[in-house]
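Trainee: Could we go through this structure together, one question at a time? I'd like to see the reasoning behind each answer.

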Amino acid sequence: MVLEISDADALTGTALESIAADFTATGASADESAEERTHAEETVREDAAEALASLVDPFDLVSQVPGVELAQASWSSETIDYDPDAEDWTAGEDGDEAYYGIDDNETDDEEGGGNTER
(Lines give C-alpha, C1' and ligand atoms only; values in the text may rest on other atoms or scores of the structure.)
Protein backbone atom coordinates (compact mmCIF):
# COMPACT_ATOMS: atom_id res chain seq x y z
CA MET A 1 0.00 0.00 0.00
CA VAL A 2 1.40 3.39 -0.95
CA LEU A 3 0.01 6.45 0.75
CA GLU A 4 0.59 10.10 0.05
CA ILE A 5 0.62 12.37 3.04
CA SER A 6 -1.01 15.50 1.75
CA ASP A 7 -1.05 17.38 5.08
CA ALA A 8 1.69 16.26 7.48
CA ASP A 9 0.67 18.86 10.06
CA ALA A 10 -2.90 17.53 10.18
CA LEU A 11 -1.63 13.95 10.45
CA THR A 12 0.79 14.83 13.25
CA GLY A 13 -1.83 16.92 15.06
CA THR A 14 -4.35 14.09 14.98
CA ALA A 15 -1.71 11.63 16.19
CA LEU A 16 -0.82 13.95 19.09
CA GLU A 17 -4.50 14.26 20.03
CA SER A 18 -4.83 10.49 19.97
CA ILE A 19 -1.76 10.08 22.18
CA ALA A 20 -3.14 12.60 24.66
CA ALA A 21 -6.45 10.75 24.79
CA ASP A 22 -4.74 7.37 25.19
CA PHE A 23 -2.57 8.53 28.08
CA THR A 24 -5.49 10.27 29.78
CA ALA A 25 -7.46 7.02 29.68
CA THR A 26 -4.66 4.76 30.99
CA GLY A 27 -4.17 3.97 34.64
CA ALA A 28 -0.34 3.97 34.66
CA SER A 29 1.58 5.98 37.25
CA ALA A 30 1.96 9.68 36.54
CA ASP A 31 5.76 9.55 36.12
CA GLU A 32 5.64 6.52 33.82
CA SER A 33 2.82 8.01 31.77
CA ALA A 34 4.58 11.36 31.40
CA GLU A 35 7.79 9.72 30.18
CA GLU A 36 6.03 7.38 27.76
CA ARG A 37 3.78 10.15 26.49
CA THR A 38 6.75 12.47 25.89
CA HIS A 39 8.54 9.73 23.96
CA ALA A 40 5.44 8.94 21.86
CA GLU A 41 4.89 12.62 21.08
CA GLU A 42 8.51 13.14 20.04
CA THR A 43 8.34 10.07 17.81
CA VAL A 44 5.24 11.19 15.88
CA ARG A 45 6.59 14.73 15.52
CA GLU A 46 9.79 13.40 13.91
CA ASP A 47 8.32 10.91 11.45
CA ALA A 48 5.05 10.92 9.53
CA ALA A 49 5.17 7.11 9.29
CA GLU A 50 5.19 6.94 13.09
CA ALA A 51 2.26 9.37 13.23
CA LEU A 52 0.36 7.18 10.79
CA ALA A 53 1.30 4.02 12.69
CA SER A 54 -0.03 5.52 15.90
CA LEU A 55 -3.42 6.09 14.25
CA VAL A 56 -3.90 3.05 12.01
CA ASP A 57 -4.05 -0.48 13.37
CA PRO A 58 -3.04 -2.96 10.63
CA PHE A 59 -5.16 -5.65 12.29
CA ASP A 60 -8.24 -3.46 11.92
CA LEU A 61 -7.49 -3.05 8.21
CA VAL A 62 -7.71 -6.78 7.49
CA SER A 63 -9.66 -8.29 10.38
CA GLN A 64 -12.95 -8.30 8.43
CA VAL A 65 -11.47 -9.74 5.22
CA PRO A 66 -12.41 -13.42 4.87
CA GLY A 67 -9.49 -15.80 4.49
CA VAL A 68 -6.88 -13.29 5.66
CA GLU A 69 -4.93 -13.44 8.88
CA LEU A 70 -2.38 -10.77 9.71
CA ALA A 71 0.96 -12.48 10.30
CA GLN A 72 3.17 -9.40 10.52
CA ALA A 73 2.89 -5.67 9.93
CA SER A 74 5.59 -3.07 9.56
CA TRP A 75 5.83 0.55 8.54
CA SER A 76 8.44 2.43 6.61
CA SER A 77 8.53 5.77 4.92
CA GLU A 78 10.59 7.64 2.43
CA THR A 79 10.20 10.86 0.56
CA ILE A 80 9.88 10.33 -3.18
CA ASP A 81 8.78 12.30 -6.21
CA TYR A 82 5.69 10.31 -7.13
CA ASP A 83 3.90 10.97 -10.38
CA PRO A 84 1.77 7.98 -11.39
CA ASP A 85 1.03 9.64 -14.73
CA ALA A 86 4.69 9.96 -15.72
CA GLU A 87 5.71 7.62 -18.54
CA ASP A 88 8.90 6.53 -16.81
CA TRP A 89 7.37 5.85 -13.37
CA THR A 90 7.67 2.23 -12.28
CA ALA A 91 7.12 0.27 -9.12
CA GLY A 92 9.47 -2.47 -7.99
CA GLU A 93 8.84 -6.17 -8.24
CA ASP A 94 8.13 -8.34 -5.19
CA GLY A 95 11.36 -9.00 -3.35
CA ASP A 96 13.02 -5.97 -4.92
CA GLU A 97 13.93 -4.43 -1.57
CA ALA A 98 11.85 -1.26 -1.80
CA TYR A 99 12.69 -0.12 -5.34
CA TYR A 100 10.12 2.50 -6.21
CA GLY A 101 11.12 5.23 -8.53
CA ILE A 102 11.91 6.35 -12.01
CA ASP A 103 13.31 3.83 -14.54
CA ASP A 104 16.60 5.67 -14.85
CA ASN A 105 17.17 5.49 -11.09
CA GLU A 106 20.94 5.13 -10.85
CA THR A 107 20.78 3.14 -7.59
CA ASP A 108 19.95 -0.04 -9.57
CA ASP A 109 23.47 -0.28 -10.96
CA GLU A 110 25.20 0.56 -7.67
CA GLU A 111 24.29 -2.81 -6.18
CA GLY A 112 26.26 -4.64 -8.86
CA GLY A 113 23.30 -6.56 -10.24
CA GLY A 114 22.88 -4.33 -13.26
CA ASN A 115 19.29 -5.55 -13.55
CA THR A 116 17.45 -2.93 -15.56
CA GLU A 117 14.46 -5.09 -16.41
CA ARG A 118 11.35 -4.05 -14.56
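## Helix packing, residue by residue

Trainee: Not counting residues up to four places away in sequence, which residues does Thr-12 touch?

Mentor: Contact here means heavy atoms within 4.5 Å. With residues up to four places away in sequence left out, Thr-12 touches Val-44, Arg-45 and Ala-51.

Trainee: What pLDDT does a side-chain atom pair need before it counts?

Mentor: Residues are numbered from 1 along each chain as its sequence is written, and side-chain values use heavy atoms, with hydrogens and water left out. This is a predicted model, in which totals for chains, interfaces and linings use all residues, local features need pLDDT of at least 70, and side-chain atom pairs count only at pLDDT 80 or more.

Trainee: Thanks! In what order do the elements run from the N terminus?

Mentor: Helices (H or I, at least four residues) and strands (E, at least two) are DSSP runs, numbered from the N terminus. The protein has 5 helices and 2 strands. From the N terminus on, the order is α-α-α-α-β-β-α.

Trainee: Is Thr-12 buried or exposed?

Mentor: Thr-12 sits in helix α1. Buried means under 20% relative accessible area, exposed over 50%, and partly exposed in between (1.4 Å probe, protein chains only). Thr-12 has 17% relative accessibility, so it counts as buried.

Trainee: Which residues of α1 are buried?

Mentor: Let's look at the helix itself before its list. Helix α1 covers residues 8–25, and its end C-alpha atoms are 26 Å apart, in agreement with the 26 Å that its 18 residues should span at 1.5 Å a residue; the expected span is 1.5 Å times one less than the number of residues. Its buried residues are Leu-11, Thr-12, Ala-15, Leu-16, Ile-19, Ala-20 and Phe-23.

Trainee: Which helix gives the largest share of the largest nonpolar core?

Mentor: A nonpolar core is a set of buried Ala, Val, Leu, Ile, Met, Phe, Trp, Tyr and Cys residues joined through side-chain atoms within 4.5 Å. The largest one has 9 residues: Leu-11, Ala-15, Leu-16, Ile-19, Phe-23, Ala-40, Val-44, Ala-51 and Leu-52. At least two residues of this core come from each of α1, α2 (30–46) and α3 (48–55). The largest share, 5 residues, comes from α1.

Trainee: Leaving aside neighbours within four places in sequence, which residues is Val-44 in contact with?

Mentor: Val-44 is one of the residues of that core. Leaving aside neighbours within four places, Val-44 is in contact with Thr-12, Ala-15, Leu-16, Ile-19, Glu-50, Ala-51 and Ser-54.

Trainee: How far apart are the C-alpha atoms of Leu-16 and Ser-54?

Mentor: Leu-16 is in helix α1 and counts as buried because its relative accessibility is 19%. Not counting residues up to four places away, Leu-16 touches Glu-41, Val-44 and Arg-45. Leu-16 and Ser-54 are 38 residues apart along the chain, yet their C-alpha atoms are separated by 9.0 Å.

Trainee: What is the distance between the closest N and O atoms of Arg-37 and Glu-41?

Mentor: Side chains of opposite charge can pair when their charged atoms come close. A salt bridge is a side-chain nitrogen of Lys or Arg within 4 Å of a carboxyl oxygen of Asp or Glu, and the structure holds 1. Arg-37 and Glu-41 both lie in helix α2, 4 residues apart, about one turn of the helix. They form a salt bridge whose closest N and O atoms are apart by 2.9 Å.

Trainee: Is Glu-41 buried or exposed?

Mentor: Its partner Arg-37, at 30% relative accessibility, counts as partly exposed. Leaving aside neighbours within four places, Glu-41 is in contact with Leu-16 and Ile-19. The relative accessible area of Glu-41 is 15%, so Glu-41 is buried.

Trainee: What C-alpha to C-alpha distance separates Glu-46 and Thr-12?

Mentor: Glu-46 is in helix α2 and, with 68% relative accessibility, counts as exposed. Glu-46 and Thr-12 are 34 residues apart in sequence, and their C-alpha to C-alpha distance is 9.1 Å.

Trainee: Last one: what percentage of the residues in the protein is buried?

Mentor: For contacts between residues at least 6 apart in sequence, 33% join residues at least 24 apart. The protein has 118 residues, and the buried ones make up 16%.
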